[in-house]
Amino acid sequence: MAGVNGGATASGGSKTKVKVVVVMGATATGKSKLAIDLALRFGGEVINSDKIQVHDGLDVVTNKVTAAECQGVPHHLIGGVSPDADYTAADFCRDATRAVESVAERRRVPIIAGGSNRYLEALLDDGGEEPAAADAGGGGFRRRYQCCFVWVDSDLAVLDRYIGSRVDCMLDQGLVSEVRPFFRHDDGDYSRGIRRAIGVPEMDGYFRTEAAGALDGDDERRARLLAAAVDEIKANTCVLARRQLDKIHRLQGLRGWSDIHRLDVTEVLRIKVGDGARNPNAQRVAWETDVVSPAARIVGRFLAPVNVVVEGAWDNGKDRFFLMTPKEVVAVPGVCTATEWFGQQPLDMAVMSPSRGFVGLGAAAAAV
């Protein structure tokens, strides 16, 4: 699917700006999944803004998207940085700017997604609270790019329960064996590189006791120490989620950040940790209804060509849009050109759906 960048004009001026979608939110709210869903709908590529996931290694602990989860959507800035390297806000501004430029040059939609809001602020606001990062990306990001902010949010009590469940899944997926090589008996500094990741320093006591041989033959103590480490991982992850939310709330009060579109993922997470945990269909329906469909409407309107009058109306009951006089529309965001959609037929109406894509042409489609 072709993207829609290259000719979008920012409102309020004649200078062309590339349009960039930014997916924000606390950890475990589904930012990566939403970014992929939007990329599939609008011809986009994902640029990671998680400062830990840029490092090589610890795929389970850092919850990196798998190849299957990517569904063919290109991702940038996931891995590639040495586990021991310090990856600063200036590094991110430089690399993210290059990635956005690369995606836009190929007329795709750049979708920035991740939880490192301080780095994101540095990129968009010429350094933000990181003055040293001000010029790393060339400066003036907002002068060159127009941003649409989508925030995936959840009730905190439900999010805490889901975080606990997700950490348990990480344990089942091999968290202990994955972290073990990063334990260093003579180095207790967890302030640099990927060793900063939640899930690494919390395991230090367990591995030190194990290395001393004190767990040999004592399964009860081993289980008790591991349980304590896992509880600490869960608690620290919940603390991280609150810090991320505090940062988003602070950003909302700053110039250029007030128009952040909030999407509520609470019901999706409630199903995952409740009786619907074994019901993937219920999870999928809630995700599409509460998150993807409203996000697609927001992004679709943002990407729509400026100065093109599109008459129509939403039918929320059936998740569709009646698009009038389609022969006058130069392109349909994230789908295709008007000619590809409508051909040369002088039809008076088309019907499209954010979650289903093209529904049909003419009056017959309205009955779908």
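Biologist: Which residues of helix α1 are buried in this predicted model?

Modeller: Buried means under 20% relative accessible area. In α1 the residues that meet this are K31, L34, A35, I36, D37, L38, A39, R41 and F42. Because 9 of the 12 residues of α1 are buried, the helix is largely enclosed by the rest of the structure.

Biologist: What should the 12 residues of α1 span, and how far apart are its end C-alpha atoms?

Modeller: The expected span is 1.5 Å times one less than the number of residues. For α1, residues 31-42, that gives 16 Å, and the end C-alpha atoms are 16 Å apart, so the two agree.

Biologist: What follows α1?

Modeller: G43 comes next, with a positive phi near 70 degrees.

Biologist: Which residue that is not a glycine has a positive phi of about 75 degrees, and where is its place?

Modeller: That is A28. Its place is the loop between β1 (18-25) and α1. A28 has 7% relative accessibility and therefore counts as buried. L77 is not a glycine either, and its phi is positive at about 65 degrees. L77 lies in the loop between β3 (75-76) and α3 (89-105). With 19% relative accessibility, L77 counts as buried because the cut-off is under 20%.

Biologist: Which residues are buried in helix α10, and what do they pack against?

Modeller: In α10, residues 266-273, the buried ones are T266, V268, L269, I271 and V273. Their packing partners are the strands β5 (145-153) and β6 (260-264), together with the helices α6 (156-172) and α11 (280-303).

Methods: Residues numbered from 1 in each chain as written. Predicted model: local features only at pLDDT ≥ 70, side-chain atom pairs only at ≥ 80, totals over all residues. Heavy atoms only, no water. Helix = DSSP H or I, 4+ residues; strand = E, 2+ residues; numbered from the N terminus. Buried < 20%, exposed > 50% of the residue type's maximum accessible area, 1.4 Å probe, protein only. Contact = heavy atoms within 4.5 Å.
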